Structures are given as C-alpha cells and as structure tokens.
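Work through these exercises with the structure open. Try each task before reading its solution.

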Amino acid sequence: IQYHEENEPMYRHAGIDIFLTTSRHGQGLGTEAVRVLAHHLFKERDHHRLTIDPAADNAAAIRAYEKAGFRRVGIMCKYERRGPDGAWHDGLLMDVLKEEFR
C-alpha cells in the first residue's frame, strides 16, 4: 500500500494505491489496510479528501473500498493499459471526505 499527496493548497488531497496478492483476497486485509492508511492521512497528514482508482471491472476491490467508506465518483475511460495486448481499460474514480470517513 502506498499514497501520494497533492500539496498545492488549492487542490490538497491524497490518493491511495494498493496491491494484494491473490492468495490474500477475501480476508478483509485490503479493506483494513485502506482504513488504516486513510485514518493516518486524515488525522496525521490533515487531508480533507482521499481518492482511489481501481479498474472499473475489479468488483472485489470496489467492494473492499466501499467497505472502507469510499464512494463511486465516475468512470475514467481508457484509463490504464493492462494485459498482454496492452489494450486500454476503464478505471473507476472513488473518493471519501474526512467528515464521511467511518
């Protein structure tokens, strides 16, 4: 798990990225890791908004992020290249505001 920060005062926020090996899926580890990092970014780094951007077809990740309090914002068309053919795939932008974080 990692994060990046936008520190420009007019746009200040943080984004989260996580990878969890397949053998650890379905155990709640991703949701818990995202919650812990979100708590740190809100409380210690004083961000008001966090984003995360799973592949639009990654239903398991989307469910995990929703459990951590993130909501769907919109589809980012042809957002990333994946797979052996290098085809473009859509991403889902999700965010959570500090006052909504549970």
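**Exercise 1. The core around V34**

Which residues does V34 touch, not counting residues up to four places away in sequence?

Solution. This is a predicted model; local features need pLDDT of at least 70, side-chain atom pairs count only at pLDDT 80 or more, and totals for chains, interfaces and linings use all residues. Residues are numbered from 1 along each chain as its sequence is written, and side-chain values use heavy atoms, with hydrogens and water left out.

Step 1. Apply the contact rule: heavy atoms within 4.5 Å. V34 then touches I1, I16, I18, I52, Y65, A68 and F70.

Step 2. Place V34 in the largest nonpolar core. Such a core is a set of buried Ala, Val, Leu, Ile, Met, Phe, Trp, Tyr and Cys residues joined through side-chain atoms within 4.5 Å. Buried means under 20% relative accessible area, exposed over 50%, and partly exposed in between, with a 1.4 Å probe and protein chains only. The largest core has 19 residues, and I16, V34, L50, I52, Y65, F70 and M94 touch the most other members.

Step 3. Trace the core to its elements. Helices (H or I, at least four residues) and strands (E, at least two) are DSSP runs, numbered from the N terminus. β2 (13-17), α1 (29-43), β3 (49-52), α2 (59-67) and β5 (87-97) each supply at least two core residues. The largest share, 5 residues, comes from α1.

**Exercise 2. M94 and I62**

Describe the surroundings of M94 and of I62.

Solution. Step 1. M94 is found in strand β5. M94 is buried, at 0% relative accessible area.

Step 2. List the contacts of M94, leaving aside neighbours within four places in sequence. They are L50, T51, I52, P54, I62, Y65, E66, F70, R71, R72 and V73.

Step 3. Turn to I62, in helix α2. I62 is buried too, with a relative accessible area of 3%. With the same exclusion, I62 contacts P54, A55, A56, R72, L92 and M94.

Step 4. Add two C-alpha distances. M94 and I75 are 9.1 Å apart in space and 19 residues apart in sequence. For I62 and T31 the values are 9.9 Å and 31 residues.

**Exercise 3. Two residues of β3**

Are T51 and R49 buried or partly exposed?

Solution. Step 1. T51 lies in strand β3. T51 is buried, at 11% relative accessible area. Beyond four places in sequence, T51 contacts H13, A14, G15, I16, F70, L93, M94 and D95.

Step 2. R49 is also in strand β3. At 23% relative accessibility, R49 counts as partly exposed. Beyond four places in sequence, R49 contacts H13, A14, F42, D95, V96 and L97.

**Exercise 4. The aromatic pair**

Which residues form an aromatic pair, and what is its geometry?

Solution. Step 1. State the rule. Rings of Phe, Tyr and Trp (its six-membered ring) pair if their centres lie within 6.5 Å; planes under 30 degrees apart count as stacked, over 60 as edge-to-face and the rest as tilted. The count comes to 1 aromatic pair.

Step 2. F42 and F101 form this pair, with 5.3 Å centre to centre and 55° between the planes, so it is tilted.

Step 3. Locate the partners. F42 is in helix α1 and F101 in the segment after β5, 59 residues apart. F42 is buried at 2% relative accessible area, whereas F101 is partly exposed at 21%.

**Exercise 5. Positive phi**

Where do D46 and K78 lie?

Solution. Step 1. Recall the background. Most residues other than glycine have a negative phi.

Step 2. D46 is found in the loop between α1 and β3. Phi of D46 is positive, near 60°. D46 is exposed, with a relative accessible area of 54%.

Step 3. K78 lies in strand β4 (residues 71-82). The phi of K78 is positive, about 45°. K78 counts as exposed at 60% relative accessibility.
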